[in-house]
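Trainee: I am new to this structure and would like to find my way around it. Could we look at it together, one question at a time?

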Amino acid sequence: MQSNNCRQTAAACNKLGLECYVYLTRAAHNDDVQGNLLLDHLLGAHITIIDTPLGPALDDLLFARAKELRAAGRRPFVWDRVTGRPIAAVSYALALAETLAQARALGVQPTHLYCAAAGATGAGLAIGKAILGWPGKVRLMCPIRWPWDTPKDLAEVGNATAALLGLPRRITAADIDIRDDYIGEGYGVVTPGSREALALLARTDGVLLDPVYTGKAMAGLIDDARHGRLGAKDQVVFIHTGGTPAVFAYRNELMGQSGE
Ligand SMILES: Cc1ncc(COP(=O)(O)O)c(C=O)c1O
């Protein structure tokens with residue numbers, strides 16, 4: 001129910017004059033019309049709240065709904081795991097190229113790049129690194145435990161992305177540096193590390209993270225710095241993937257602990 005992806009898609013659809021149907025999995029912690037869900041309403045998306053878990057069963061539901069729309073004479077595009085993710089990943093392959101170009105212009109040579117990634121984002125960065133031949137490390141922090149082999153899945157999506165771009169480069173699971181150490185209890189559950197990362201960035205740089213994705217990824221970066229997995233000479237780029245609206249759906253978790 002706090003999908004940033006769906007909210008952004010609804011906004012982009014409006015810009016393009018497309019009708020957007022979002023299928024949102026019921027959030028166990030809080031089903032208030034808040035954060036991204038509130039924005040989905042404001043954006044006028046067709047919202048259906050479902051209990052289907054993330055994964056293949058959700059794709060089946062989307063296909064069934066698309067069939068109904070097709071039967072009614074509409075032309076739906078289904079953002080399923082197979083079709084949607086390589087398209088999304090193209091943007092993150094381009095984002096890596098853009099980031100490195102900006103770093104070059106600033107005279108900075110990044111050695112590491114950190115990002116919250118569960119699928120397309122990570123796949124795009126990994127295939128982007130391979131295509132560009134960038135020698136730095138792309139460290140992906142996964143916010144969710146998938147019921148499948150995540151590195152293998154990301155390599156497959158990355159390869160579909162390269163195919164979509166008409167480029168010959170291919171990667172394997174060994175090229176995917178992804179960790180699930182900062183998920184905590186589960187997807188969408190606030191961890192002490194993500195809460196600390198949110199407060200630290202807000203209070204030092206005035207940058208707002210979200211507790212589900214960027215907060216956990218930043219918790220991983222902080223942990224690597226504390227435990228010597230990043231050195232003083234390393235030049236680290238953190239890709240902020242957005243997600244700020246979700247903060248408002250985590251009011252209780254975020255306020256409860258700090259008491260401020
Ligand atoms: C804020 C934010 N960061 C990162 C991601 C990870 O994206 P992906 O699943 O494409 O890797 C998401 C996914 O929805 C997100 O909302």
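Trainee: Let me start with one residue: does aspartate 224 count as buried or exposed?

Mentor: Buried means under 20% relative accessible area, exposed over 50%, and partly exposed in between, using a 1.4 Å probe and protein chains only. Areas like these come from the Shrake-Rupley method with a 1.4 Å probe, and for residues only the protein chains shown count as cover. Aspartate 224 has a relative accessibility of 0%, so this residue counts as buried.

Trainee: Before we go on, what kind of model is this?

Mentor: Residues are numbered from 1 along each chain as its sequence is written. Local features need pLDDT of at least 70, side-chain atom pairs count only at pLDDT 80 or more, and totals for chains, interfaces and linings use all residues, while side-chain values use heavy atoms and leave out hydrogens and water, all of this for a model that is predicted.

Trainee: Thanks! In which element is aspartate 224 found?

Mentor: Helices (H or I, at least four residues) and strands (E, at least two) are DSSP runs, numbered from the N terminus. The run of residues 214-226 is a helix that holds aspartate 224, and its label is H8.

Trainee: Which residue forms a salt bridge with aspartate 224 at 2.6 Å?

Mentor: A salt bridge is a side-chain nitrogen of Lys or Arg within 4 Å of a carboxyl oxygen of Asp or Glu. The closest N and O atoms of the pair with aspartate 224 are 2.6 Å apart. The partner sits in strand S5 (residues 178-179), 45 residues away in the chain. With 17% relative accessibility, the partner also counts as buried, and its name is arginine 179.

Trainee: Which residues are linked with this pair in a network of salt bridges?

Mentor: Contacts help here, where contact means heavy atoms within 4.5 Å. Leaving aside residues up to four places away in sequence, aspartate 224 touches Tyr114, Arg139, Met141, Arg179, Tyr182, Arg229 and Leu230. The network of salt bridges takes in Arg179 and Asp224 together with Arg139, Asp223 and Arg229.

Trainee: How many salt bridges does a search of the whole structure find?

Mentor: Glutamate 196 and arginine 226 make one of them, with the closest N and O atoms 2.6 Å apart. Glutamate 196 is partly exposed at 33%, and arginine 226 counts as exposed at 55%. For the whole structure, the number found is 11.

Trainee: How many residues apart are arginine 81 and aspartate 153 in sequence?

Mentor: Their side chains meet in a salt bridge (3.4 Å, N to O). Arginine 81 lies in helix H4 (residues 81-106) and aspartate 153 in helix H6 (residues 150-164), so the pair ties together parts whose separation in sequence is 72 residues.

Trainee: And the ligand: which helix gives the most to the shell around it?

Mentor: A residue is near the ligand if one of its heavy atoms lies within 4 Å of it. The residues around the ligand include Asn4, Ala120, Thr121, Gly122 and Tyr213. Three residues of the shell come from the helix that gives the most, residues 120-132, which is H5.

Trainee: What is the make-up of that shell?

Mentor: Ala, Val, Leu, Ile, Met, Phe, Trp, Tyr, Cys and Pro count as nonpolar, Asp, Glu, Lys and Arg as charged, and the others, Gly among them, as polar. By that grouping, the shell around the ligand has five nonpolar, seven polar and no charged residues.

Trainee: How much of the ligand's own accessible area does the protein cover?

Mentor: Oxygen atoms of the ligand lie 2.8 Å from a side-chain N or O atom of asparagine 4 and 3.2 Å from a polar backbone atom of alanine 120. A polar contact is a pair of N or O atoms within 3.5 Å; within protein, one must be able to donate a hydrogen and the other to accept it, and residues adjacent in sequence count only if both atoms are side-chain atoms. Of the 390 Å² that the ligand has on its own, the protein covers 86%.

Trainee: One last spot: what separates the C-alpha atoms of glycine 128 and leucine 94?

Mentor: Glycine 128 has its place in helix H5 and is buried at 2%. Not counting residues up to four places away in sequence, glycine 128 touches Ala93 and Leu96. Leucine 94 is 34 residues from glycine 128 along the chain, yet their C-alpha atoms are separated by 7.1 Å.
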